[in-house]
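Welcome, and please load the model in your viewer. We will go from the whole fold down to a single residue, one selection at a time.

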Amino acid sequence: MGGARLADLRDHALVLLGYVARLRPAELAAIDVDDLVLAEAGLELRLTGQPVPIPFGPSERTCPVRALTAWTSRAQLVTGPLFVAIDAQDRPGGRLSGEAVAAVVRDRARRAGSTAA
């Protein structure tokens with residue numbers, strides 16, 4: 001995804017993290033960059049309670065750790081909200097709402113050919 005648009009990198013990371021961590025849209029929207037901590041087997045998501053392990057995926061395309069690293073690196077996110085809006089000039093903006101996250105997931109499922117979303 002080297003030449004991918006910023007929104008594509010964000011959406012890829014958002015969908016993979018949501019799936020692996022079994023998070024609802026509002027929970028994904030609430031994550032800050034600082035809630036992700038490097039761990040031996042990947043990342044740990046530390047929101048409340050027990051840390052949620054985010055393991056490396058079996059391939060580059062399905063690895064949430066690689067997707068999150070690509071997203072945060074390219075968007076230059078070091079603190080603050082993890083999932084942010086992207087403007088028309090491909091620049092990061094403010095935190096996505098739970099509704100916006102749900103819309104991203106629906107759109108990506110539709111593009112993938114899912115009829116369940």
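Helices here are DSSP runs of H or I with at least four residues, and strands are runs of E with at least two, numbered from the N terminus. Keep in mind that this is a predicted model.

Start with a cartoon of everything. You should find four helices and five strands, and following the chain gives the order α-α-β-β-β-α-β-β-α. The radius of gyration is 13 Å, close to the 13 Å that the globule rule gives for 117 residues, so the protein is as compact as a globular protein of that length. Turn the C-alpha trace along its principal axes and the spans are about 35 × 30 × 25 Å.

Next, switch on the surface. About 6,900 Å² is exposed, with carbon and sulfur atoms supplying 54% of that area. Buried residues account for 37% of the 117 residues. Colour by charge if you like: the mean positions of the 14 positive and 13 negative charges lie 6 Å apart.

Now select residues 42-45, which form strand β2, and pick out E44 there. Is E44 buried, partly exposed or exposed? Its relative accessibility is 23%, and since partly exposed covers the range between under 20% and over 50%, E44 counts as partly exposed.

Show the neighbours of E44 beyond four places in sequence: it touches D35, L36, V37, A39, P51 and V52. Then display side chains to see E44 and R46 joined by a polar contact of 2.7 Å.

For a last stop, draw a distance between the C-alpha atoms of E44 and A21; these residues are 23 apart along the chain, and the separation is 9.9 Å.

Definitions and conventions: Residues numbered from 1 in each chain as written. Predicted model: local features only at pLDDT ≥ 70, side-chain atom pairs only at ≥ 80, totals over all residues. Heavy atoms only, no water. Rg over C-alpha atoms; globule rule 2.2 N^0.38 Å. Buried < 20%, exposed > 50% of the residue type's maximum accessible area, 1.4 Å probe, protein only. Areas by Shrake-Rupley, 256 points an atom, 1.4 Å probe, with all protein chains shown as cover. Lys, Arg positive; Asp, Glu negative; His and termini not counted. Charge placed at Lys NZ, Arg CZ, Asp CG, Glu CD. Contact = heavy atoms within 4.5 Å. Polar contact = N/O pair within 3.5 Å; in protein donor to acceptor, adjacent residues only side chain to side chain.
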